[in-house]
Amino acid sequence: MAGAAGVLGLLLLLLLGSPGGCGGSTAPPRDSLREELLLSPLPSGDLAATFQFRARWDSELHREGVSHYRLFPKALGQLLSKYLVRELHLSLTQGFWRTRTWGQPYLQAPAGAELWVWFQDSVTDVDKAWKELSNILSGIFCASLNFIDSTNTVTPTASFKPLGLANVTDHHLLRYAVLPREVVCTENLTPWKKLLPCGSKAGLAVLLKAERLFHTSYHSQAVHIRPICRDASCLSVSWELRQTLTVVFDTFSIGQGKRDWSLFKMFSRTVTEACPLASESKIYVDISSKTQENELLEVTPPPLSVHEASVQGDRRTYAVYDLLSPFLFNVSRSLNVQLKWKRPQDSLDLSTPVLHAQRYVSGYGLQTGEISTLIYNTHPYRAFPVILLETVPWYLRLYVHTLVITTKGKENKPSYIHYQPAKDRRRPHLLEMLIQLPANSVTKITIQFERALLKWTEYTPDPNHGFYVSPSVLSALVPSVIAMKAEDAEQSPLFTSLFPSSDGSSYFVRLYTEPLLVNLPTPDFSMPYNVICLTCTVVAVCYGSFYNLLTRTFHVEEPNRGGLAKRLANIIRKVRGVPPL
Amino acid sequence: MVADGAEEARGKRAALAFAAVALVLGLPLWWKTTETYRASLPYAGISALGSLRFQLTVPVSVVFAKGALPGAQQRRLPFTDTKEEESLLNSKTSVTSRYETTYRSATVTEQAALALATVKEADAALLPLQDSLGALTVYVIPETSPLLPQGVGVYIGKHRSAVMRCTQGPGDVLAAVSAWVQQIVQAMSFTTDSIATALSDRVPMDQLGTDTRRPFKSSLGYEITFSLLNPDPKSHNVHWDIEAAVNSYVQPFLDKLGSVANFSVDSQILYYAVLGVTPRFDKASSSFILSALSLPHVINPVEARLGSSATSLYPVLNFLLYVPERVHSPLYIQDKDGAAVGTNAFHSPRWGGIMVYNIDHPVPDKAPLPLWVDVDMVRVMEVFLAQLRLLFGISQVSLPEEFLLESPGNDGLTDWELDRLLWTRTVENIATVSTTLTSLAQLLDKIGNIVIKDDVASEVYHAVASAQTAMLELASGRLGSAFQASKEAVTSSERAFFDPSLLHLLYFPDDQKFAIYIPLFLPMAVPILLSLVKILREAKQSKKEPTKTD
């Protein structure tokens, strides 16, 4: 093999001497990586850790022939260019973000798997591309995304707008599906980690130890791919791959009743270096406190800088640890961020978030029921509209005439309704509404449904567990309490820059409610066999008597000496002295 | 008693009628409604394909330039000569090579081309005169012709022709020429060995050398992935201009192979991807050594990182460029004898190749880390391209010394090398189709529950027909159409074999079937059977005592 190379080598050298070693050390790298960890103590005393890894690629991915990958993972890049994907958002979540006690999430995802994709307008058969895409994603992420089919896919008209650069907003190019039944575990985390350029070998990803990440109250990992502007003039497109992972640790159970935490306590690892490929690698710790006295908590080691930002209508202070800064690892070889509460904080000062919601199913019996959604607006003086998206599987037949929306005891008429009725075994119900939420109010939305009877092969394994109804989605521009200043997306921390904020006075929030679990009338699954046996018995009995009737020969019976009863009667009669019969 | 007798006869008739209805109506109805649908398949054609008698015909023209032949023999031109050579690979496989040689004298244009100054120019000038795929032309020039350099007897060009010097000796010149022509044609088309390699699945292992398992199996497409492995991004900032390198070196080669298969090329850079073996430190050369024995263990840990192609089902050829960690460099690969391998590369059969690329480290503490490294793509690509040729089974032909081979030039592949590849690929495709269809037929024969739908059956018919076409085309020496037909046959046979509808009823166990049938059949069958037995017994008795009826 070595010898053969020589023959060809000579020839190549002769032919093409010029391009050797070109590549130009002066050319700026066409892709960059940023990594970031945000640690925010939650109002309830838990701790949320949000990892974000952002690979940005200055390349026209859909141009023919681009197939050389560096930081952008090849598997996803091939997928995007083959299926002409404009935007892809996939999240796999275990647990439920409790907005009421944990506050507004930076990026919430519904329990289970959620996938929504915008295709390019050059795609002719969107449904086919969607089916194949979900199958391949299922292979890449070891998730059951192959169960996405027409019965759980919808095309929302208003709720899911492209997050990135888009001039096409024709919603026929959008597909959205949620699999609330999906269970997320380590086999989904490993392929997700494999997409990171540094793997879990260096940088913040060292902390991603599956054993600890799944020992949490909430675990959500996501992949967001979108085109963004390459620069301020926005003449060309860059592709952005954002991998996010959010976990909520129950600090009480980890810290034996204390609310103090450290990186080591949570992840059983510490950070020793930044990923050498990253152009930015930072840890943010939310140290803002509601009250003015700042001595409530203390972080060690002392942060090198402090970042002030207005996030989700609130002014917040973050301690920043820049892993690329040469001073950070001067003192000790590893960074173990610790937080101590100076005095026991009473966890009663829960400030409820401006927008939150809850949903439940009510009713009795196995025929009808009612889905109720409560949406809270706790803003003291501002009303704002919210878009509600409900996807209900076809086997719950919604009665749209029973749709009632009440706020403060009065009927609230939605300004926009889009309803697409379900087709049995073909597509789910889709209900989208734009509802105005008055200040400081609770809006209740109820709709009744009837449970359909399924065919016996359509029941899932363990049907008595119930059938999931995917969470409803609330999208809203929530008015901000404080004025926010617009920041440059490239400079600001990653956790603030996924949803573009339209102006300074409001911010975008997307919330998901709880998934519902509905019991359907469940048959006894040995029933088909029982039915077969019963039918066969009936047939056999009918057939038997018919057969007997036709084939038996009938004789006139000669009177006999009588049966046993007659003889017994005669014996008794003899004893009594009566003439026998 | 008469009425009784009539009554009894009626009962008998009724019982017989029940039995008849059940037999004539019920049984076929049950059979028809529960049978698995099986379209008819060309079993005869499949079993005929099971024994492969290849006849490979190579059309050869031997063209004599003016003065190459003595006058007496010149007058015998043109004439045609056919040689056959049969070799039996095993009881079911045989290959007959048939060389249809046409001897003629050169036309005016050919004569003009052969009069050019150099043999390269002549080769280029003769290109438009040449035939289609697979057909070869040998030009015989006089011994005194200055076209060939001294000491060179035969020149094999870039295309489908060779130039040969005619040695004037005593005896039959034509016979001497035809012996040479035989050798040239075998080099430019196929040998028994190369065909046996293509049929390696059907030939016992020990008959073949180790090299035969190296080339990739014939497939409709291939994915070629170049991966740069940088296990130490803290010390090395490695850059490679893979896009330009692929465009200038690999793409021309693949364009040439475009008729054989579809190719897609991509590349990636993987960080923190380490080899599975810790190299040994060699004090004498103060370098690290990977011995040939440990190479098999190198690939597996890397493979997990490479990732399979998400969007296609074609086999992947991996070419890895490994830049060793700073602490393990320089790293050299040692062969079995302990000598360093010159190219510092190795390949794995049917998988791909790995090359170790060492970086010259400046004196320590001089350059800040990470070190910027630009990979010399010429050096890398010449190794990868050589490996690529090997993995496609385009190996160097061993030839006597008087033979001069023209280098393939920019394309990396000569026309006759492409022909060689097509010959073996066609044979291999047909063998694959034969194996696939035979096992499909066996499977269907063995398992009665498999449904055969009409479209599956039509794929099988198409595969058989295409394979037969390919055989016929091979026998008549039309390589191009034979290859196309064999490709179609492979596609159809694979589609039939992997059709998901075959599996629909496969797992329908017999005990469940009986559990469903018994409640119905038992109560219905028992009275019928009992009354039949009774009728039979009575009939026997009445035969014994025929007088009693009166």
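What follows is a conversation about a predicted model, in which a visitor asks for reasons and a guide gives them.

Visitor: Let's begin with two helices. What makes α2(A) roughly antiparallel to α4(A)?

Guide: The angle decides. Helix α2 (residues 74-83) of chain A and helix α4 (residues 126-141) of chain A pack at about 175°, with 11 Å between their axes. Angles over 145 degrees count as roughly antiparallel, so α2(A) and α4(A) earn that description.

Visitor: Which residues of α2(A) and α4(A) meet?

Guide: From α2(A) come Ala75(A), Leu79(A) and Tyr83(A), and they meet Ala129(A), Glu132(A), Leu133(A), Ile136(A) and Ile140(A) of α4(A). By class, this contact has 7 nonpolar residues, no polar ones and 1 charged. Glu counts as charged, so the charged residue is Glu132(A).

Visitor: And the sheet in chain A: how do you know that β5 and β12 are its edge strands?

Guide: Each of them, β5 (153-154) and β12 (305-311), pairs on one side only. The open sheet has 11 strands in the order β5-β6-β4-β3-β7-β8-β2-β1-β10-β13-β12, with mixed pairing. One pair within it is β10 (residues 280-286) with β13 (residues 314-322), antiparallel over 5 bridges. There, Asp286(A) has Tyr318(A) as its bridge partner.

Both helices from your opening question also pack on this sheet. α2(A) touches β3 (85-94), β7 (218-229) and β8 (237-249), and its direction makes about 130° with that of β3(A). α4(A) touches β3, β4 (112-119), β5 and β6 (174-179), at about 135° to the direction of β4(A).

Visitor: Why is Leu84(A) called partly exposed?

Guide: Leu84(A) has 18 other C-beta atoms within 10 Å. Buried needs 20 or more and exposed needs 12 or fewer, so with 18 Leu84(A) falls in between and is partly exposed. Leu84(A) lies in the loop between α2 and β3 of chain A, and has a positive phi of about 50° although it is not a glycine.

Visitor: What makes Cys234(A) count as exposed?

Guide: Cys234(A) has 10 C-beta neighbours inside 10 Å. The limit for exposed is 12 or fewer, so Cys234(A) qualifies. Cys234(A) sits in the loop between β7 and β8 of chain A, and its phi is also positive, near 60°.

Visitor: Why are those phi values worth pointing out?

Guide: Because most residues other than glycine have a negative phi. Peptide bonds offer a similar case, since most of them are trans. The bond from Thr300(A) to Pro301(A) is cis, with omega near -10°, and Pro301(A) is in the loop between β11 (297-300) and β12 of chain A. In chain B, a cis peptide bond joins Ser329(B) and Pro330(B), with omega about 0°. Pro330(B) belongs to the loop between β12 (316-322) and β13 (331-334) of chain B.

Visitor: How many residues of chain A and chain B are in contact with each other?

Guide: 51 residues of chain A are in contact with 57 residues of chain B. α10(A) gives the most to the chain A side, with 11 residues. That side divides into 31 nonpolar, 15 polar and 5 charged residues.

Visitor: What makes Ala540(A) partly exposed?

Guide: Ala540(A), in helix α10 of chain A, has 19 other C-beta atoms within 10 Å. Buried starts at 20, so Ala540(A) counts as partly exposed. Leaving aside neighbours within four places in sequence, Ala540(A) is in contact with Pro523(B) and Met524(B).

Visitor: In chain B, what makes β2 an edge strand?

Guide: β2 pairs on one side only, and so does β17 (403-405), the other edge strand. Their open sheet has 7 strands in the order β2-β3-β1-β4-β6-β5-β17. β2 (residues 79-90) runs antiparallel to β3 (residues 93-105), with 11 bridges joining them; Glu85(B) stands opposite Ser97(B). β2(B) and β3(B) form a hairpin with 2 residues between them.

Visitor: Which residues have the most contacts inside the largest nonpolar core?

Guide: Val140(B) and Ile184(B), in a core of 262 residues. Among the residues Val140(B) touches are Val62(B), Phe64(B), Met164(B) and Val177(B). Met164(B) is also the bridge partner of Val154(B) in β6(B).

Technical notes: Residues are numbered from 1 along each chain as its sequence is written. Chains are lettered from A and ligands numbered from 1 in the order in which they are written. This is a predicted model: local features need pLDDT of at least 70, side-chain atom pairs count only at pLDDT 80 or more; totals for chains, interfaces and linings use all residues. Axes are lines fitted to C-alpha atoms, for helices over the stretch in contact, and angles run from 0 to 180 degrees between N-to-C directions. Helices (H or I, at least four residues) and strands (E, at least two) are DSSP runs, numbered from the N terminus. Angles under 35 degrees count as roughly parallel, over 145 as roughly antiparallel, 65 to 115 as roughly perpendicular and the rest as oblique. Two residues are in contact if their C-beta atoms, placed from the backbone, lie within 7 Å. Two strands pair if DSSP finds at least two bridges between them. A nonpolar core is a set of buried Ala, Val, Leu, Ile, Met, Phe, Trp, Tyr and Cys residues joined through C-beta atoms within 7 Å.
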